[in-house]
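Here is a small set of exercises to work through with the model open beside you. Try each task on your own before reading the solution.

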Amino acid sequence: MAKSLTTNNRSTAPIVRIGVWQWLKSNLFNSAFNSLVTILVCLFLYKIIPPFVEWAFIDSLWFSTADQCRAGHGACWSIIPANIRFIIFGFYPYELHWRPTVAMVILIGLLFYSKNRNHWNRSLGAVWIAGLFIMGVLMRGGFFGLTAVESDQWGGLPLTLMLSVFGMVAAYPLGILLALGRRSKMPAIKTICILYIELIRGVPLISLLFMSAVLFPLFLPTGLTVNKIIRAQAAIILFTAAYIAEVVRGGLQAIPRGQYEAAESLGLTYVQKMRLVVLPQALKIVIPPTVGILISAFKDTSLVVIIALYDILKTTRSVLGNPSWMGFSPEAYIFLALIYFVCCYAMSNYSRRLEGELHS
Amino acid sequence: MQNGATANRALDDGQGVSFLNDRKVRAAAYQIAAVCMVGLLGYYLFNNTVANLQKQAIATGFGFLGKQASFEIGESLIHYSAADTYIRALLVGVLNTLKVAFIGIILTIILGTFIGIARLSTNWLVAKLAAVYIEVMQDIPILLQLFFWYSFFYDILPAPREAIEPVVGVFMSNRGFVFAVPEPHPAHVYMAAAAFAGCIAAYVLRRWARRRQEKTGRVFPVFICSLGIIIGLPFVAWLLAGAPHKMSVPELAGFNFQGGLNVSPEFGALLLGLVLYTAAFVAEIVRAGIQAIGKGQTEAAMAIGLKRGQILNLVILPQALRVIIPPLTSQMLNLTKNSSLAVAIGFPDFVSVASTTINQTGQAIEGISLIMLVYLCFSLLTSLFMNWYNKKMALVER
């Protein structure tokens, strides 16, 4: 009561105009130590930034040949425009590049559409499935008069996006099943799930990728061969599912016992209880950490370089292996880092905003 | 009430319920089905593998480990030559992985703590720089960073002839870093022994001081005294051994440096990449740990008259560490697992040696099982430590 009274009578804070000097004084020079640190940091930045700007912008070449680059002092950004089609699309047939482009545009459109929480309903799932199907058809071809492009010719950015998006979409249900299994009261099922999750989480992704490259062919019946990309995709799905399982388990544990008991006392079966009462709440809690897993899955797709798949990192490296463009790796890697950074930053920013919305 | 309880028991006992709806029967059926499915899948894969191996005429088993490896390894902590066995080559790999992990973990904790504290600095510039660092490093794949640092050595740094010397005695070139180090001398062994003895003495001193404080209330300056013992004893040992001060300074001989301590480009790039990447995650953990301690704790500690150092040591750190240590351990494990990416830049860590072994012998199943086994051992050890720590630090609740 007293509190509400004081809030009602609270006068607004006096408007204080803070000048530049005042701001500098309170944020950069508020103590002797801080002043010293500020000066040292400024000196450091002065040593770093002007030479970098000179290298990256003033002396740099943007649309030139490799030989002109070698004559200059600055950055050779020309390596990007000169090889952009190969970096982005890899060995995909040159005249068919519009197909992966359209597929990527659809994917980005879907992601933007799903950003709005008002669009989260049953039809969104259907839209996604349709979208993924159309993307698959565009990439693979062979239907509707599109020329077939075998998946060993896929590469570059579409491959990176495909490995992470399909990896996530397929790993999600598997992860939920594993999490439910781990929380189950049946000892045999619980043991199987715990063994799987801990085994996968204990080994590096690269050992699974090696397994996909070398061992999966041995596991399959003789005569049946599966494409390298699909095998790597399977390894990524198996890997991501274990991490999703742990995140979902966290959500399941956070749901109060009363919810489980209330669902049981209504006479719901196990499936109904989980589908209608527990999972909708649990999955909502774990959206932010799930986006975190999506980010690391996206970054981890770059590991397929090691088993010689042509994702965007590998295409860039093979451009750098070309004798005429050798030695311009800082420029190429900075460009790639920018692509990864923009994607991951957008996702983590979104996750943070969502966390704020869901908490309120 | 009575009725409900009876009905419930009836459900559990399976009385008056049809056999198919009995809970226990159902649970058993589900579990048997699950085990059978996993077993069948395993049997199917096993069968296929055996058939494939027979067809390709690959012998299974770990017998190949005793054969001669006949490949060279660039850097090794123990003596190794191409004439040694595969098992010794793999041991070299494990030791190299442990070396990267050990040095990397120490550097990461130092850098991460530093950046985490900088992130909370009242200095706007420092806080923003730390935030930018954390965001950028977290959003770029570790493999790309490793390639970048590796190319930094090969494409940016000059040849040894024009090596950069940022500090006296340190040379940077495309052959890696070279440091001036003290010439090996028997005195170093004595110094190490003295430092070890100093640590034990400091531990005993701390226990004695605590017991005395509990009895009499008198405070003993433990920190200063321990520091004195741990630094002083090796110094005395050094003086007694005749104060050897000869340095091994790197000198240019032909195309490369002779003498000094050499850090290869592969090791340097791997360490640099892993430390800079993981430090960003550690910084976030440290920040969260410090922020988790309410302001009231500091104020309460001040109110009972503790000094600044005491507040940090006795009130803030014990609580912050409880929040920090578990995620920190998992980051350290991540660093160890990420060190397996050494294979991409040619540092001979365990995965890299194992993959060479697989390529040479064709023993893929054994090789990959070994990789998984070694990393599983690392994670098992880490989780054992975590459990021990959590038990030790668990809040004692009323």
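The exercises below go from whole chains to single residues, each with a worked solution.

This is a predicted model: local features need pLDDT of at least 70, side-chain atom pairs count only at pLDDT 80 or more, and totals for chains, interfaces and linings use all residues. Residues are numbered from 1 along each chain as its sequence is written, while chains are lettered from A and ligands numbered from 1 in the order in which they are written.

**Exercise 1. Describe chain A as a whole.**

Step 1: start with secondary structure. Helices (H or I, at least four residues) and strands (E, at least two) are DSSP runs, numbered from the N terminus. Chain A has 16 helices and zero strands.

Step 2: look at the dimensions. The C-alpha trace of chain A spans about 80 × 80 × 40 Å along its principal axes. The radius of gyration is taken over C-alpha atoms, and the globule rule is 2.2 Å times the number of residues to the power 0.38. Chain A has 26 Å, where a compact globule of 360 residues would have a value near 21 Å.

Step 3: add burial. A residue is buried if 20 or more other C-beta atoms lie within 10 Å of its own, exposed if 12 or fewer, and partly exposed in between, with C-beta atoms placed from the backbone. In chain A, buried residues make up 30% of the 360 residues.

Step 4: divide the chain. Domain bounds come from an automatic or database domain assignment. For chain A this gives domain 1 (32-90 + 315-360), domain 2 (93-148) and domain 3 (170-309). Between domain 1 and domain 2 of chain A, the C-alpha centres lie 29 Å apart.

**Exercise 2. Do the same for chain B, and explain what its radius of gyration says.**

Step 1: count the elements. Chain B contains 13 helices and seven strands.

Step 2: apply the globule rule. With a radius of gyration of 29 Å, well over the 21 Å given by the rule for 398 residues, chain B is therefore more spread out than a compact globule.

Step 3: check the other descriptors. The C-alpha trace of chain B spans about 90 × 75 × 45 Å along its principal axes, and 28% of the 398 residues of chain B count as buried.

Step 4: find the domains. Chain B is divided into domain 1 (2-55) and domain 2 (106-183 + 246-346), and the C-alpha centres of these two domains of chain B lie 51 Å apart.

**Exercise 3. Work out the order of strands in the sheet of chain B.**

Step 1: set the criterion. Two strands pair if DSSP finds at least two bridges between them.

Step 2: read the order. Three strands of chain B form an open antiparallel sheet in the order 1-2-7. Strand 1 (170-173) and strand 7 (261-263) of chain B are at the edges with a single partner strand each, so one side of each has no neighbour in the sheet.

Step 3: follow one pair. Strand 1 and strand 2 (residues 176-179) of chain B pair over four bridges, and a hairpin of two residues joins them. Within this pair, Phe171(B) stands opposite Val178(B).

**Exercise 4. Characterise the contact between the chains.**

Step 1: count residues. Two residues are in contact if their C-beta atoms, placed from the backbone, lie within 7 Å. By this criterion, 41 residues of chain A are in contact with 47 residues of chain B.

Step 2: find the main contributor. Helix 16 (329-359) of chain A is among the elements that give two or more residues to this side; helix 16 of chain A gives the most, with nine residues.

Step 3: zoom in on one helix pair. Ala188(A), Ile189(A) and Ile192(A) in helix 9 of chain A meet residues of helix 2 of chain B, including Tyr30(B) and Val38(B).

**Exercise 5. Is helix 15 of chain A enclosed or open, and what about Ala308(A)?**

Step 1: count buried residues. Seven of the ten residues of helix 15 (residues 312-321) of chain A are buried, so this helix is largely enclosed by the rest of the structure. Among them are Ile312(A), Leu313(A) and Val319(A).

Step 2: turn to the loop. Ala308(A) is in the loop between helix 14 (287-300) and helix 15 of chain A. Ala308(A) is exposed, with 9 other C-beta atoms within 10 Å.

Step 3: check the backbone. Phi of Ala308(A) is near 65°, a positive value in a residue other than glycine.
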